[in-house]
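Please read the following alongside the sequence and the coordinates, moving from single residues to elements and then to the contacts between larger parts.

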Amino acid sequence: METLGHLAHGFSVAFTPVNLMWCLLGTTLGTAIGVLPGLGPALTIALLLPITYQVAPEASFILFAGIYYGAMYGGSTTSILLNTPGESATIVTALEGNRMARSGRGGAALATSAIGSFVAGTIGTMGVAFLAPVVVKFALAFGPAEYFSLMVLAFITVSAVLGSSSVRGLTSLFAGFVIGMIGVDLQTGQPRFTFGTNELLDGVDVIIAAVGLFAVGETLYMASRRYAGKDEIVPLKGSLYMTAAEWGRSWKPWLRGAAIGFPIGAMPAGGAEIPTFLSYAIEKKLSKHKEEFGTVGAIEGVAGPEAANNASAAGVLVPMLTLGLPTSATAAIMLSAFQSYGINPGPLLLTTQGDLVWGLIASLFIANVILVILNLPLIGLWVRLLKIPAPQLYAGILVFATVGTYGISQSPIDLVILYLLGAAGFLMRRFDFPTAPVIIGMILGPLAETQFRRAMTISNGDWSVFYTHKLSLTLLTLAFIGLAGPHIWAFIEHRRRRGPEHVPGDA
Amino acid sequence: MLNRRRFLMSTAAAGAAGLVASHLSPAFAEGAPQIQIFVPAAPGGGWDQTGRTIDQVLRSEKLISGSQITNVGGAGGTVGLPQFISQWNGKGNTLMVAGMVMVGAIIANKSANNLTEVTPIARLTGEFEALVVPADSPFKTAADFVAALKADPTKVPVAGGSAGGSDHILFGLIAKTVGVPATNLSYVPFAGGGEALSALLGNQVAAGISGFGEFSEQIKAGALRLLAISADKRQDGIDAPTMREAGIDVELFNWRGVFAPPGVSDADKAAMVTMIETMAKSDAWATECKNRNWTPILLTGDDYAKFLTEDTARITAILKDLGLA
């Protein structure tokens with residue numbers, strides 16, 4: 001109950017008019033930058049760092065936290081409406097969300113993502129307030145071997161997005177591996193597939209790849225089909241917000257998404273993308289409307305991943321506030337802001353800076369409420385975007401994608417990559433190769449490789465680490481069940497039904 | 001029409017950011033120059049913070065009227081360096097922030113340009129490194145660590161920053177001085193300080209090497225044990241020997257400094273050296289350094305150039321031993 005007292009005190013810090021104003025400014029700014037591809041929360045907070053010379057620590061952290069949460073809300077808007085993800089954590093949202101938007105349920109997709117973000121963000125923030133010490137212990141138990149097994153588990157999610165042909169899907173996945181391998185190899189410091197280009201040493205940004213493959217590829221495909229009269233966008237069908245049936249289909253994915261997102265977000269190398277992949281795969285498996293996945297868009301496929309990414313955003317704050325460990329780019333920059341105040345973020349932060357930390361946590365609750373109030377009325381406005389005639393809309397998307405990409409690092413090479421991948425996306429669409437596995441391969445491939453090689457370096461080449469560590473073995477077993485389970489089940493069913501016919505002399 | 005709305009929204013966002021920024025730039029002394037600061041890294045990192053702190057202190061000391069900061073990030077600075085050399089050639093009142101990491105990156109990336117092509121102005125700060133172990137590690141002293149390393153280096157996995165970076169270089173130097181072949185080392189690189197720290201706290205590795213600031217709070221809280229630091233002498237408030245005192249003849253500062261473009265006139269160069277010297281001696285600079293755990297290690301002009309040559313030679317040699325150059 002001590003925590004409740006601290007929290008109450010935190011709310012008294014956050015509820016001053018000035019701090020509420022900072023929270024509102026932060027959430028608004030965060031939503032705006034989340035909408036723009038390229039401008040992420042890390043960059044925005046970095047650019048606003050000089051503010052720490054002028055205002056009190058509480059105020060600037062409330063502002064930064066607002067930007068951080070706001071970006072998570074805003075990122076889904078363009079994913080759903082324009083198939084142009086603003087953040088890497090909202091790439092999965094584009095898969096079903098954009099299908100829904102095209103079939104007239106864009107309002108419902110936006111609503112489920114906003115409300116799901118609110119629900120999961122609130123659950124996640126409660127986790128930060130009440131469970132942080134427990135969760136952080138669990139998170140530290142994850143070493144390279146466990147992470148590798150987690151990646152293996154995440155790879156089974158690929159099967160959820162493979163499309164009609166496994167061969168085509170796996171081809172896409174391996175193309176993703178190759179693109180993900182471009183750049184300096186972290187383990188040896190040697191460049192791979194950079195063809196002597198300095199700009200490629202840092203690899204291909206996954207946002208640029210997603211925008212290129214999804215948005216630019218789609219635009220080119222639409223342009224080529226201009227007179228075929230296919231794939232028409234229905235701006236709105238039925239109610240603007242969610243129907244009762246859609247509410248019924250959303251709430252469980254929200255809770256499951258939060259349960260997956262928060263602990264993985266709290267892991268030092270967990271990140272925000274993996275929980276969205278896992279949530280998507282689980283929702284597809286559990287859904288009673290599998291036929292809607294990849295066709296008209298299934299609301300579960302938006303609700304789950306969106307909840308997962310917001311809960312993981314809260315999870316990231318756990319190691320940051322309890323141990324002073326920055327586990328994402330945004331957290332690292334927020335920690336450097338602590339330093340400009342002469343505050344050293346570390347395991348003692350909670351005791352030495354209680355006011356600041358609890359004020360920050362309280363302001364996260366407030367930010368969540370402000371964000372859902374801010375975002376729901378905007379839905380009506382956003383949906384009207386789809387009423388723009390196709391040629392103008394797609395031209396707009398192209399401009400938007402180009403400007404956003406240039407904004408990431410002001411590098412012309414990035415634009416070349418964007419359009420090369422756009423052309424590749426067009427060809428893949430034309431010849432019926434799914435594009436989502438490319439992105440999954442780009443994200444998971446290098447992560448799995450790094451963790452595998454780290455695990456092998458530490459164990460001095462001993463493979464047993466993957467099955468002697470209990471956590472690692474559990475994850476690998478789950479992955480095996482996920483992959484082989486349905487086949488074994490089908491085989492048993494098959495035997496049970498048809499078994500007697502195959503056994504001569506029986507009966 | 002809705003594109004316009006979006007456009008308005010983005011301008012509003014940019015405007016809000018601009019508002020804050022302009023609010024932060026009060027009027028400054030007349031006659032002081034306007035300078036350009038070139039940061040070959042993305043906003044938020046060490047070089048960027050150095051650049052922004054230089055800007056802040058120069059303005060508060062009224063040495064400049066204002067500055068424009070340009071970030072060109074990527075590949076340890078080797079993306080920005082060629083641009084600085086070709087596009088800023090001969091321009092006075094222009095400073096690039098760089099450091100030891102760039103020296104390493106130039107060698108490892110086999111970059112076409114290097115730091116001999118720009119004009120050294122001053123080495124400003126350094127961060128000494130720390131050798132730490134988890135609290136319940138059997139290694140009580142640096143000697144225990146060295147003994148284990150000598151016995152079998154493959155059984156002593158050490159976590160640190162990216163391959164070929166300052167942490168890896170220091171590990172190579174330690175091995176070299178105690179007579180362990182660098183190629184046998186088990187170095188586990190992590191992308192960021194946070195990840196390396198969590199590997200230490202989770203007892204995944206035997207030891208860790210990184211900037212002292214990365215570990216200081218964990219050491220204070222008793223989660224990590226500090227075995228030695230790579231500074232030249234004992235530091236106030238830090239209860240650990242230097243590497244030399246612990247019997248490892250190594251000293252290393254992950255230094256940061258500023259450079260002018262190639263082809264600047266002698267007068268311009270002298271003016272920039274004077275400006276940076278005045279700044280580095282100010283109280284405001286001392287306070288910033290203290291807050292950020294930076295050790296001031298000022299070295300200017302020709303002395304800096306000489307140091308740069310020596311350090312480049314030392315880094316090249318060790319990266320060769322580690323198989324990275």
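**From single residues to the chain contact**

Phe193(A) lies in the loop of chain A that runs between β2 (191-192) and α9 (206-224). This is a predicted model, and in it Phe193(A) has a positive phi of about 50° although it is not a glycine. Because Phe193(A) has 13 C-beta neighbours inside 10 Å, it counts as partly exposed. A second residue of chain A can be described in similar terms: Asn460(A), which is found in the loop between α18 and α19 (465-468), has a phi near 60°, again a positive value in a residue other than glycine. Asn460(A) is partly exposed, with 13 other C-beta atoms within 10 Å.

Two helical residues of chain A come next. Leu378(A) has its place in helix α15 (residues 354-384) of chain A, and with 16 C-beta neighbours inside 10 Å it counts as partly exposed. Leu378(A) and Leu110(A) are 268 residues apart in sequence, yet their C-alpha atoms are 9.5 Å apart in space. Ala65(A), in helix α4 (residues 57-82) of chain A, is by contrast buried, since 30 other C-beta atoms lie within 10 Å, where 20 or more are required. If residues up to four places away in sequence are not counted, Ala65(A) touches Gly26(A), Leu360(A), Ser363(A), Leu364(A) and Ala367(A). The C-alpha atom of Ala65(A) is also separated by 9.9 Å from that of Trp22(A), which is 43 residues away along the chain.

Chain B can be approached through its overall make-up. Chain B has eleven helices and ten strands, and of its 325 residues 51% count as buried. Among the contacts in chain B between residues at least 6 apart in sequence, 78% join residues at least 24 apart.

Within chain B, the helix α4 (100-108) repays a closer look. Nine of the nine residues of α4(B) are buried, so this helix is largely enclosed by the rest of the structure. The buried residues run through Met100(B), Val101(B), Met102(B), Val103(B), Gly104(B), Ala105(B), Ile106(B), Ile107(B) and Ala108(B), and they pack against β3 (94-99), α6 (166-178), β9 and α11 of chain B. After α4(B) comes Lys110(B), whose phi is positive, near 50°.

How do α4(B) and α11(B) cross, and at roughly what angle? Two packed helices are described by the angle between their axes and the distance between the axes. The axes of α4(B) and α11(B) come within 10 Å and cross at roughly 50°, which makes α4(B) oblique to α11(B). The crossing of α4(B) and α11(B) is right-handed. On the side of α4(B), the residues that meet the partner helix are Met100(B), Val103(B), Gly104(B), Ile107(B) and Ala108(B), while α11(B) brings Asp311(B), Thr312(B), Ile315(B), Thr316(B) and Leu319(B). By class, the residues of this contact of α4(B) with α11(B) divide into six nonpolar, three polar and one charged. The spacing of such residues has a general background: an α-helix has 3.6 residues a turn, so residues three or four places apart point the same way.

The view can now widen to the domains of chain B, for which the domain assignment gives domain 1 (33-126 + 253-321) and domain 2 (127-229). The C-alpha centres of domain 1 of chain B and domain 2 of chain B lie 28 Å apart, and the contact between them takes 14 residues from domain 1 and 15 residues from domain 2. On the side of domain 1 of chain B that touches domain 2, α4 (100-108), β9 (253-260) and α11 (301-321) each supply at least two residues. By class, that side of domain 1 of chain B has eight nonpolar, five polar and one charged residues.

The last step leads to the contact between the two chains, which takes 55 residues from chain A and 51 residues from chain B. On the side of chain A that touches chain B, α2 (17-35), α3 (41-47), α13 (329-340), α16 (390-409) and α18 (436-458) each supply at least two residues. Of the elements on this side of chain A, α13(A) gives the most, with five residues. Sorted by class, the side of chain A that touches chain B has 33 nonpolar, 18 polar and four charged residues.

Definitions and conventions. Residues numbered from 1 in each chain as written. Chains lettered and ligands numbered in written order. Predicted model: local features only at pLDDT ≥ 70, side-chain atom pairs only at ≥ 80, totals over all residues. Contact = placed C-beta atoms within 7 Å. Helix = DSSP H or I, 4+ residues; strand = E, 2+ residues; numbered from the N terminus. Nonpolar A, V, L, I, M, F, W, Y, C, P; charged D, E, K, R; others polar. Domains from an automatic or database assignment. Axes fitted to C-alpha atoms, helices over the stretch in contact; angles between N-to-C directions. Parallel < 35°, antiparallel > 145°, perpendicular 65-115°, else oblique. Left-handed = near helix turned anticlockwise from the far one by under 90°. Buried ≥ 20, exposed ≤ 12 C-beta atoms within 10 Å, placed from the backbone.
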